[in-house]
Amino acid sequence: MNTITENEVMKLVEAVHSSRKYRELELPEEMLRDLIAVNLPNSRNMTELKTNFRTALHNVIAPYLEDIDYDKEINALHTDNPGLQQPENLEAYCLKMMAKHASTKERIPHLQEFFNTIFEIIGSPHSILDLACALDPLCLPWIKLSPGASFKAFDVNGPRIRYLQSFFALVYPNYQAIQQDILLHPPTETADCAFFFKEAHRLEKRQPGSTRILLNGINVSTVVLSLPAMDLKGHHSLENYHRHLVEKALEGTTWQQEVRLVGNELLFFIRKELAQ
């Protein structure tokens, strides 16, 4: 299939935005258009394109869909959770919320060890970019950045970003949550470190080689990339597969990596040179 009209593209985009499964995510139109463009060369007709596009979207988004009403949680931040400025109240709230999302839930038993390991290796960054963040910013009570540090979180899920920005406004007023497709638009600001937790394998399903594209595109000297060592059900090891994914992304570069395992997460510490 060589051509697709603008009207056909809009119909595919509008179908996603109106679908019961995806409409509440408010996914960026340019991300959906990119998925369509990536799947166009392998589609012989409109029916195949629709199927391939839907499959790609499912691979990128669906495995970590959660049942969280973010508008309700924004209201609850102000009405049901007094005293979040107190460390013990803040930690209890964050643990409760992280338990609602599969990715952060499985990290909870190893939370302190996870971040202790990170900061033992990278030191104390003053600026962090949290890429494809999901609910990872709720780990901030265990990250303990210094006063005046910069933290920016990026995700494509619109309601989730609004929730995180409301959370930041209440507890971390200098931090930012931004709705942004990090593959199409890698953050341009320079930072000491980027977190990219349990997302590279899904980015690769969207576009092979995308991990390398992202790493090239961000202005940080250190990337902490994590990938699951087992599948979500704990039945199959993914360690060799995900080690190979990162090795392939670094192939031909002078970037250095160090690997640690904490709980079910492989931590890859990638040192790269900043562009001059």
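User: What volume does the largest cavity have?

Analyst: This is a predicted model, and in it the largest cavity comes to about 350 Å³. Of the 25 residues that line this cavity, the closest to its centre are Val 60, Ile 61, Val 156, Glu 199 and Arg 202.

User: What makes a residue count as part of a cavity's lining?

Analyst: A lining residue needs an atom within 4 Å of a cavity point. For the largest cavity, 25 residues are in the lining. They split into 15 nonpolar, 3 polar and 7 charged.

User: Which helices and strands each supply at least two residues of that lining?

Analyst: Those are helix H3 (46-61), strand S2 (150-155) and helix H10 (200-206). H10 gives the most, with 3 residues.

User: How many cavities of 30 Å³ or more are there?

Analyst: The count is 2. The second largest cavity has a volume of about 50 Å³. Its lining is made of Glu 106, Arg 107, His 110, Phe 114, Lys 198, Val 262, Asn 264 and Glu 265. Sort those by class and you get 2 nonpolar, 2 polar and 4 charged residues.

User: Okay, on to the cysteines. Why is Cys 94 in no disulfide?

Analyst: A disulfide needs two cysteine sulfur atoms within 2.5 Å. For Cys 94, the nearest cysteine sulfur is that of Cys 139, and it sits 8.1 Å away. Going the other way, Cys 139 has the sulfur of Cys 94 as its nearest, at 8.1 Å, and is in no disulfide either. The count for the model is 0 disulfides.

User: Are those two cysteines buried or exposed, and how do you know?

Analyst: The cut-off for buried is under 20% relative accessible area. Cys 94 is at 0%, so it counts as buried. Cys 139 is also at 0%, so Cys 139 counts as buried too.

User: Why is Gln 179 called partly exposed?

Analyst: Partly exposed covers the range between the buried cut-off of 20% and the exposed cut-off of 50%. Gln 179 has a relative accessible area of 35%, so that's the label it gets. You'll find this residue in strand S3 (residues 176-179).

User: What does Gln 179 touch, leaving out residues up to four places away in sequence?

Analyst: Gln 179 touches Leu 25, Glu 26, Pro 28, Asp 155, Val 156, Asn 157, Gly 158 and Ile 161.

User: What makes the approach of Gln 179 to Glu 26 a polar contact?

Analyst: One part of the test is distance, with a limit of 3.5 Å between N or O atoms. The side chain of Gln 179 reaches the backbone oxygen of Glu 26 at 2.9 Å. That side chain also reaches the backbone oxygen of Val 156, at 2.8 Å.

User: What is unusual about the phi of Glu 26?

Analyst: Most residues other than glycine have a negative phi. Glu 26 isn't a glycine, yet its phi is positive, at about 50°. Glu 26 lies in the loop between helix H1 (6-18) and helix H2 (29-39). With 36% relative accessibility, Glu 26 counts as partly exposed.

User: And what about the phi of Lys 144?

Analyst: Lys 144 has a positive phi near 55°, and this residue isn't a glycine. Its place is in the loop between helix H8 (140-143) and S2.

User: Why is Lys 144 called exposed?

Analyst: Exposed means over 50% relative accessible area. Lys 144 has 55%, so it counts as exposed.

Terms used
Residues are numbered from 1 along each chain as its sequence is written. This is a predicted model: local features need pLDDT of at least 70, side-chain atom pairs count only at pLDDT 80 or more; totals for chains, interfaces and linings use all residues. Side-chain values use heavy atoms; hydrogens and water are left out. On a 1 Å grid over the protein atoms alone, a cavity is a set of points where a 1.4 Å probe fits but cannot get out, and a pocket is an open set with protein on both sides within 12 Å along at least five of seven lines; lining residues have an atom within 4 Å of a point. Grid points are joined across faces, edges and corners, and a volume is the space filled by probe spheres set on the points. Helices (H or I, at least four residues) and strands (E, at least two) are DSSP runs, numbered from the N terminus. Ala, Val, Leu, Ile, Met, Phe, Trp, Tyr, Cys and Pro count as nonpolar, Asp, Glu, Lys and Arg as charged, and the others, Gly among them, as polar. Buried means under 20% relative accessible area, exposed over 50%, partly exposed in between (1.4 Å probe, protein chains only). Contact means heavy atoms within 4.5 Å. A polar contact is a pair of N or O atoms within 3.5 Å; within protein, one must be able to donate a hydrogen and the other to accept it, and residues adjacent in sequence count only if both atoms are side-chain atoms.
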